[in-house]
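The following exercises are intended for a reader who is new to this structure. Each one sets a task and then works through a solution step by step.

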Amino acid sequence: MPVGVKLRELLPRGYTFTVVGIAVGVAGLVALGAMAERITRFIEGGDRFVLGQISVAGEGMGMGTGFTAGGLLSAAKIAEIAAVPGVSGVQAQVMMPLNTSTSQFLTLTQELVFGMDLSVPIPNRHYRELPVRAGRPLRAADRRVTVLGADFATSRKLGVGSSVALGGQDFTVVGVLDKTFTAPDRFALVSIDDARDLWLRRDPLLVQAFGAGSLRRNDLNTGAAVGWKDGEDPDALARRIQATVAKVNVTIPGEISRLLRQSTAFFSALLLGIGTLGLLIGGLSLSNTVTAAVFERIRDFGVKRALGATDLHLLREVLGEALGVSLSGGVAGVLLALGIGTAVDTRAIREGQQLFLFSPRLLAFAVVFSVVLGGLAAAYATLRIARLSPAEAIRRGS
Amino acid sequence: MLLRARGLSKTFTGPGGTLVPVLHGIDLEVKGGELVAVSGVSGSGKSTLLNLIGLLEPPDAGEIWLGDERVSHLGRRAQCRVRGASIGYVFQSFLLLAGLTALDNVMLAARYVGRDRADARREALGLMERLGVAHRATHHPAQLSGGEQQRVAFCRAVLNRPPLVLADEPTGNLDDEHARVILDELHALAADRGTGVMLVTHRTEASARADRVLRLDQGRLATR
């Protein structure tokens, strides 16, 4: 067997600081990347939601803003919408802020009570059902029970069987949703009848309208989700509904998606900045550490050249070592970032926040990035050293 | 003739771009089995001469022949082959690799010439046994004394049985007892194996035992 590089030389002695240096750089990259992933998921989730359905509200402002905007959408209007050609289903909904003091401000942290008419299937093509992490989904006949979004439940330390007060009424938690990293994480899902009760308790004007007999209970809807038949153009259908049904506000999925992207342009720019910064900091730290580690061994290269090593021999050995060292540093950096992120998120989650999203693609990218960049940096340093004569390399390293 | 050098010259560039001539047109020859000592004051160019002959750096002018091959004009890759197979080096500061054990340092010489690993290991251990450092085979250089390190370095230099061994002040960092061991080995190399040895030394007793002494004075050679 020819004399070759031994396995233990792939992780040679004296590389502890190099591995630590790489780990710090990779940890920075992963942490910044995880924040970017978190923002991306939020934006993509919202976009996916609005592109999956046509949202219709009654004409006027009604209560709240943002998701809760719109006047009453009566049962008659919902029937009219359902009759528009191309509509596959209409689900009446009541959506309102849990805390009325925040109702005038659409915030990223707003908690919402979301009542759905589960006697019809969820029309949203991208969310046919909301996946449940624990317990069970909400059912049509449910009353005074709720299924909570992941952050809603975690921030209040609620689980299946817990009791929670929504608008002054006690509800039993029967399920907790999977984390979606977008709006439903802050939802309390209830039956539409329970949502209507909460609305009536909250808004005295509605009670007076009921007393006058001008409203029926199933007229109490803040909006409706509209689905379309296969092959139907959703934007065209939305315009058809707008043209056919009087006094409703119809969101055009394509337009609302564009508006959503415009309104989140700041976050997209932030995302780009964070990503660039992460790559720059992590990349510079990593390549600098590996290059310095190779240059520190310049004397060893001189000795090896004196013993007959060719450029190819040296390159192969250094790349072998760089692979071991940068892989160790990369994995250590990922673990370090996971540790820091988990510690920070453990605190943040008490406020219903999560700052980091360590997606598998991010972690895989970080490890591959560290190995590839480590290899390139090592190859660059080796080729620089290989230009020197053996005597010069020994002199410089001594 | 094992080694022939003709018209070797070398000039270094000093601070501020000043030129520092070190060697001027050196001619020399070394036969197989001959031990040639090179002496001279510090800065006379002894180490540079050994570096040029050992292909550790290129001369500005002149040529070097090993046997029938003009090695000074070979390409980089071919010079690597010559260094690995035909020249052994013993340095004053040992130059062992800190991350490797004593045995692995010795075997490093075999790695780049494609020798069989088992065969190289057997021979390395035999050499270390003869030099009295076999019991230190698994130790790292930092765990060895200066004398032991130089004996390990000597084993590395001769593992591939090179026809030419260059020793640059090999006893410079050793006490008399350990210096004698190394000098004895260099003499044995020349006498028993027919190896050509060039030895840069300040030790009078080393020069006295040499077959020939070359004296360098301000980069010029004077045979004594």
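A polar contact is a pair of N or O atoms within 3.5 Å. The model examined here is predicted.

**Exercise 1. Describe how chain B meets chain A.**

Solution.
Step 1. Begin with the residues in contact: 33 residues of chain B touch 30 residues of chain A.
Step 2. Turn to the area. About 2,800 Å² is buried between chain B and chain A, and carbon and sulfur atoms give 55% of this area. On the side of chain B, the residues that lose the most area to chain A are Arg111(B), Tyr112(B) and Arg117(B), together 28% of what that side buries.
Step 3. Consider the polar pairs. Nine residue pairs are in polar contact across the interface of chain B and chain A, both residues being at pLDDT 80 or more.
Step 4. Assign the contacting residues to helices. Helix H2 (76–86), helix H3 (102–111) and helix H4 (117–130) of chain B each supply at least two residues of the side that touches chain A. H3(B) gives the most to that side, with six residues.
Step 5. Count the charged pairs: there are three salt bridges between chain B and chain A. One of them joins Arg76(B) to Asp311(A), with the closest N and O atoms 2.8 Å apart.

**Exercise 2. Determine the surroundings of Lys46(B), and explain its lack of a salt bridge.**

Solution.
Step 1. Locate the residue: Lys46(B) lies in helix H1 (residues 46–53) of chain B.
Step 2. Examine the charge. Lys46(B) is buried and has no salt bridge; Glu169(B), the nearest side chain of opposite charge, is 4.7 Å away. A salt bridge requires a side-chain nitrogen of Lys or Arg within 4 Å of a carboxyl oxygen of Asp or Glu.
Step 3. Look for another polar partner. The side chain of Lys46(B) reaches the backbone oxygen of Val41(B) at 3.1 Å.
Step 4. Add the neighbours. Leaving aside residues up to four places away in sequence, Lys46(B) touches several residues, including Val38(B), Val200(B), His202(B) and Leu216(B).

**Exercise 3. Which strands stand at the edges of the four-stranded sheet in chain B?**

Solution.
Step 1. Read the order: the open sheet runs E2-E1-E4-E5 in chain B, with antiparallel pairing.
Step 2. Identify the ends. Strand E2 (19–30) and strand E5 (69–70) of chain B each have a single partner strand, so one side of each is left without a neighbour in the sheet.
Step 3. Inspect one pairing. Strand E4 (residues 61–66) of chain B is joined to E5(B) by two bridges, and Trp65(B) stands opposite Arg70(B) in E5(B).

**Exercise 4. Compare the settings of two salt bridges in chain A.**

Solution.
Step 1. Take Arg143(A) and Asp197(A), whose closest N and O atoms are 2.9 Å apart. This pair links distant parts of the chain: Arg143(A) is in the loop between strand E4 (132–135) and strand E5 (145–148) of chain A, and Asp197(A) is in helix H4 (residues 192–202) of chain A, 54 residues apart.
Step 2. Classify their exposure. Arg143(A) is partly exposed at 40% relative accessibility, and Asp197(A) is partly exposed at 26%.
Step 3. Take Arg396(A) and Glu392(A), which meet in a salt bridge (2.9 Å, N to O). About one helical turn separates Arg396(A) and Glu392(A), because they are four residues apart in helix H12 (residues 390–397) of chain A.
Step 4. Classify this pair likewise. Arg396(A) counts as exposed at 54% relative accessibility, whereas Glu392(A) is partly exposed at 23%.

Note on methods:
Residues are numbered from 1 along each chain as its sequence is written. Chains are lettered from A and ligands numbered from 1 in the order in which they are written. This is a predicted model: local features need pLDDT of at least 70, side-chain atom pairs count only at pLDDT 80 or more; totals for chains, interfaces and linings use all residues. Side-chain values use heavy atoms; hydrogens and water are left out. Buried means under 20% relative accessible area, exposed over 50%, partly exposed in between (1.4 Å probe, protein chains only). Lys and Arg count as positive and Asp and Glu as negative; His and the chain ends are not counted. A polar contact is a pair of N or O atoms within 3.5 Å; within protein, one must be able to donate a hydrogen and the other to accept it, and residues adjacent in sequence count only if both atoms are side-chain atoms. Contact means heavy atoms within 4.5 Å. Two strands pair if DSSP finds at least two bridges between them. Buried area is the accessible area (1.4 Å probe) that two parts lose on being put together, summed over both.
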